[in-house]
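Got your viewer open? Switch to a cartoon view and keep the selection box handy.

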Amino acid sequence: MIDRNFWKGKKVLVTGHTGFKGGWLSIWLNFLGARISGYSLDPITKKNFFSETGIKKIFIKDYRKNIQNIKDLTKCIRSSKPEIIFHLAAQPQVLESYNHPLETIKTNIIGTANLLEIVRTLKYVKAVVVITTDKVYKNINKNIKFKENAILGGDDIYSSSKASADMLTASYEKSFFYKRTNLASVRAGNCIGGGDWTKFRILTDSVNAFSKNKNLKLRNPSYRRPWQHVLEPIAGYLLLAKKLYSKNGSRYNGSWNFGPTTKKHLSVFEFAKLLRKKMSSVSRIILLKFKDKREKYTLDLNSSKAKKFLGWKPVLNIQNTLSLTAGWYVASKQKKNMYNYSLDQIKIYTNLISKYKKNEM
């Protein structure tokens, strides 16, 4: 259960608050009564969750600076004095890392190191959650469910940069953080939901095509992905942050997986067909013969640790996941109030969590 009493009045910093996942997290934190500051560059796409929902108003402080600049980041943290930090600022794309490898490395590795270096000397920061990715694991395209102690690595710059950030987090925790600040890294991937307009993503390509009844061209249609709604791992992040903040918070340091059940593992083609149906589109789906080998065929996480020690478990099936996602984009096209619409989806999700917990008792 997400404890509203715990979060009420908590001072929280979200880096990457102008991004897709950072935006959803920020709305949820605001709903819980937290006092939120944000640190990020401007949104990277013309259409974006941050602007569509108008969430700038919910932040006590809204810093538009680069995570690579340690002076600006230091000023932000010392001014906002957060008790809890969620670090999401990153270059989040595999294919983009091929176009801008050095910038990806600077943002994902140096940016994370900057944050950890600043926080290690501050007494008022009690908990830090570093958001990495499921792609931190060394993946050789075998049907393996990666546990948190699996070997890290990555063939592409994005994956290797996030694996490096993950290892840096572990090193800082063991070297410096054990005395006052609890620190964890969280791994999840293939998050979908309303408001993700990031290029090179199947969801963005599909929504752009289906909303206009245009043809959709699919690369790697047979590749399977662990699709999950963005609210599922965010619920895990909130549960973990509360545990880290607690008296025995050091027990929760380290890495955590938040992945969906295998029932939500659809191929890219299956995903597109189901989303097309949810959006009532008549678009034609064209399967490209070319396979982009820069992307892995399959990926799966073992989330038993989060289930056992945090009481976290995904509650949405693939139908629920795509219904919420499609509904958001349809509502956006209809010019509805997307802040209220997003908040309503969070309320729907928290009600599902409550029902799930009651059924378990």
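This tour goes from the sheet to the helices that lie across it.

A quick word before you click: this is a predicted model, where local features need pLDDT of at least 70, side-chain atom pairs count only at pLDDT 80 or more, and totals for chains, interfaces and linings use all residues. Residues are numbered from 1 along each chain as its sequence is written, and side-chain values use heavy atoms, with hydrogens and water left out.

**The sheet.** Select the seven strands of the open sheet, which is parallel and ordered S3-S2-S1-S4-S5-S7-S12. Strands are DSSP runs of E, at least two residues, and helices are runs of H or I, at least four, both numbered from the N terminus; two strands pair if DSSP finds at least two bridges between them. Now pick 59-64 (S3) and 254-257 (S12): these are the edges, each pairing on one side only.

**Inside the sheet.** Next, take S5 (127-131) and S7 (182-187), parallel strands joined by five bridges. Click Val130 and you'll find Ser185 as its bridge partner in S7.

**Across the sheet.** Show H6 (101-119), which lies across S4, S5 and S7. H9 lies across S4, S5, S7 and S12.

**Helix on helix.** Add H2 (20-32) alongside H9 (231-245). Which residues of H2 and H9 make the contact (heavy atoms within 4.5 Å)? On H2, select Lys21, Trp24, Leu25, Trp28, Leu29 and Leu32; on H9, Leu231, Ile234, Ala235, Tyr237 and Leu238.

Key
Axes fitted to C-alpha atoms, helices over the stretch in contact; angles between N-to-C directions. Contact = heavy atoms within 4.5 Å.
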